[in-house]
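Here are my notes from going through the model you sent over. They come as numbered points, so pick whichever ones help you at the bench.

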Amino acid sequence: MIQSATIQDRLDVYAIRQQFPVLSREVKDKPLVYFDNAATSQKPQVVLDALMNYYTEYNANIHRGIHTLAEEATAAFEATRDTVKQFINAAGREEIIFTKGTTEGINLVAQTWGRQNVKAGDEIIISNMEHHSNIVPWYILCEEKGAILKVIPINEDGELMMDEFEKLLSSKTKIVSIVHASNALGTINPVKKIINAAHKAGAVVLLDGAQSSVHLDIDVQDLDCDFFSFSSHKVYGPTGVGVLYGKKHLLESMPVYQGGGEMIKEVTFAKTTYNDLPYKFEAGTPNIADVVALKEAVNFINSIGKETMAEYENELLSYAVEKLSAIPGVRLIGTSKNKVAVQSFVVEGIHHFDIGQMLDTRGIAVRTGHHCTQPLMDGFGIEGTVRASFSIYNTKEEIDELIEGVNRIVNFMKP
Ligand SMILES: Cc1ncc(COP(=O)(O)O)c(C=O)c1O
């Protein structure tokens with residue numbers, strides 16, 4: 001019988017690792033093991049080169065200049081918009097707004113669409129597993145407008161209770177803003193079902209794509225979401241850049257966000273008229289170099305393919321889950337079957353900060369704390385977790401290092 005090649009046979013992880021200079025460094029005299037990918041991913045050489053190339057070859061401000069450098073910079077900046085449009089399959093390039101990150105994208109929608117459409121007594125639905133970035137902007141809007149924040153509860157595996165969601169949904173619901181994949185639990189939410197139900201109730205849907213954008217194939221037209229916000233730095237790109245996708249008719253109907261250069265057509269003291277999409281939402285000089293380099297990050301992902309990445313990362317996750325579960329006292333937080341490669345855990349009697357610190361002495365970088373999801377942690381009755389999040393450049397050998405580290409900590413700290 002012919003066996004189909006395993007993902008390990010098809011993917012040269014060691015060749016991929018070579019593309020990430022930081023992975024060859026040592027921490028505390030040990031080879032770095034980087035498992036903090038959900039916080040930010042490492043950057044491949046092509047991204048670093050694109051940054052350096054912009055500053056050494058064609059650093060100029062964009063859109064306004066007619067000299068060669070300005071034209072080159074504008075072309076490179078706008079090329080990223082086209083690449084991102086394809087990356088998430090938006091219908092048009094004018095639906096791609098460059099922001100600072102996921103957080104700014106959500107705030108933009110809350111402060112523009114939200115202020116225009118949400119009034120006293122209206123309801124906004126989020127969930128119990130949201131990042132603070134998808135709680136606080138809605139809380140601020142509710143405070144200002146006298147609107148009500150409704151929260152979808154989750155079950156013990158860290159999955160949304162969909163029957164409760166259906167009960168919360170009503171003609172008062174104006175927007176459902178939901179995380180596509182949870183940063184603390186890894187859970188992939190059934191967003192198509194949510195979007196469908198919300199639309200039937202007359203509400204719009206924003207997806208927080210901070211985690212899903214790196215692990216899942218994103219097709220905003222197929223999802224039919226109204227807004228999708230994500231960060232460059234979690235998809236192998238530079239920090240300081242994000243993308244807000246919005247359906248064109250919604251973006252067109254929304255008031256402007258920030259005022260300044262670029263977002264205007266004409267300014268007099270008596271009247272200002274605003275620019276067309278997407279520039280209407282891009283006031284001031286943008287983060288040109290980092291936007292330019294984001295294109296290379298997306299090309300890097302495309303060169304491997306999201307499906308291959310997900311298959312490999314899921315294998316790492318299964319391996320880690322199996323090994324972690326076997327350690328005495330370990331409790332996994334986030335046990336849904338449908339997950340991205342993120343695993344949170346706590347160890348009975350040992351504080352997560354101690355575990356994080358002791359793992360660092362072995363060169364292993366994990367995240368500890370509440371992961372900007374305090375209400376979620378409250379729900380689980382814990383202060384925080386240790387979180388290991390996996391990427392395309394991680395290996396099973398690195399997971400073995402983590403397991404050995406946790407085992408030693410457990411034995412050392414045992415009463
Ligand atoms: C699910 C989720 N939403 C929002 C954010 C905020 O992203 P940023 O800080 O890049 O704006 C994060 C970052 O960790 C996240 O994981």
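**Notes on the predicted model**

1. Let's start with His215: at a relative accessibility of 7% it counts as buried. You'll find His215 in helix α9, which covers residues 212–215. Keep in mind throughout that this is a predicted model.

2. What does the side chain of His215 make a polar contact with? The partner is the side chain of Glu313, at 2.7 Å. Setting aside neighbours within four places in sequence, His215 is in contact with Lys306, Ala310, Glu313, Val340, Ala341 and Phe390. Lys306, Ala310 and Glu313 also turn up among the buried residues of α13.

3. That brings us to α13 itself, residues 306–325. The helix has 20 residues and reaches 28 Å from its first C-alpha to its last, close to the 28 Å expected at 1.5 Å a residue. Its buried residues are Lys306, Thr308, Met309, Ala310, Tyr312, Glu313, Leu316, Leu317, Tyr319, Ala320 and Leu324. Note that the list includes Lys306 and Glu313.

4. Asn394 is another residue to click on if you are looking around α13. It sits in the loop between β17 (385–389) and α16 (396–413), and it is buried, with a relative accessible area of 0%. Its side chain and that of Glu398 are joined by a polar contact of 3.0 Å. Beyond its neighbours within four places in sequence, Asn394 is in contact with Val13, Arg17, Tyr34, Phe35, Asn37, Tyr312, Leu316 and Ser389. Two of those, Tyr312 and Leu316, are buried residues of α13.

5. Now the ligand. Which of the 13 residues around the ligand come nearest? They are Thr103, Asp208, Ser231, His233 and Lys234. A polar side-chain atom of Lys234 lies 2.5 Å from a ligand oxygen. For His233, an N or O atom in the side chain is 2.8 Å from an oxygen atom of the ligand, and for His131 the corresponding distance is 3.5 Å. The protein covers 85% of the 390 Å² of accessible area that the ligand has on its own.

6. On cysteines, a search of the whole structure finds zero disulfides. Why is Cys142 not in one? The closest cysteine sulfur, in Cys372, is 20 Å from the sulfur of Cys142, and that is too far for a bond. Seen from the other side, Cys372 is in no disulfide either, with the sulfur of Cys142 as its nearest cysteine sulfur, 20 Å away. As for their surroundings, Cys142 is buried at 8% relative accessible area, whereas Cys372 is partly exposed at 31%.

7. Ile154 links parts of the chain that are far apart in sequence. Ile154 and Gly379 are 225 residues apart in sequence, yet their C-alpha atoms are 8.6 Å apart in space. The place of Ile154 is in the loop between β6 (148–152) and α7 (162–168). Ile154 is buried, with a relative accessible area of 15%. Not counting residues up to four places away, it touches Asn128, Met129, Glu159, Leu160, Met161, Leu185, Leu376 and Phe380.

8. Thr6 makes a handy contrast. The C-alpha atoms of Thr6 and Lys193, 187 residues apart along the chain, are separated by 32 Å. Thr6 is in the segment before α1 (7–10) and is partly exposed, with a relative accessible area of 40%.

9. A few backbone details to check by eye. The peptide bond from Leu277 to Pro278 is cis, with omega near 0 degrees. Pro278 lies in the loop between β12 (272–274) and α12 (288–304).

10. Also on the backbone, look at two positive phi values. Tyr236 has a phi near 75 degrees, positive in a residue other than glycine. It is in the loop between β9 (227–231) and β10 (242–246) and counts as buried at 1% relative accessibility. Glu262, which is not a glycine, has a positive phi of about 75 degrees. Its place is the loop between α11 (248–253) and β11 (264–267), and Glu262 is buried, with a relative accessible area of 15%.

Terms used: Residues numbered from 1 in each chain as written. Predicted model: local features only at pLDDT ≥ 70, side-chain atom pairs only at ≥ 80, totals over all residues. Heavy atoms only, no water. Helix = DSSP H or I, 4+ residues; strand = E, 2+ residues; numbered from the N terminus. Buried < 20%, exposed > 50% of the residue type's maximum accessible area, 1.4 Å probe, protein only. Polar contact = N/O pair within 3.5 Å; in protein donor to acceptor, adjacent residues only side chain to side chain. Contact = heavy atoms within 4.5 Å. Expected span 1.5 Å × (residues − 1). Near = heavy atom within 4 Å. Areas by Shrake-Rupley, 256 points an atom, 1.4 Å probe, with all protein chains shown as cover. Disulfide = S-S within 2.5 Å.
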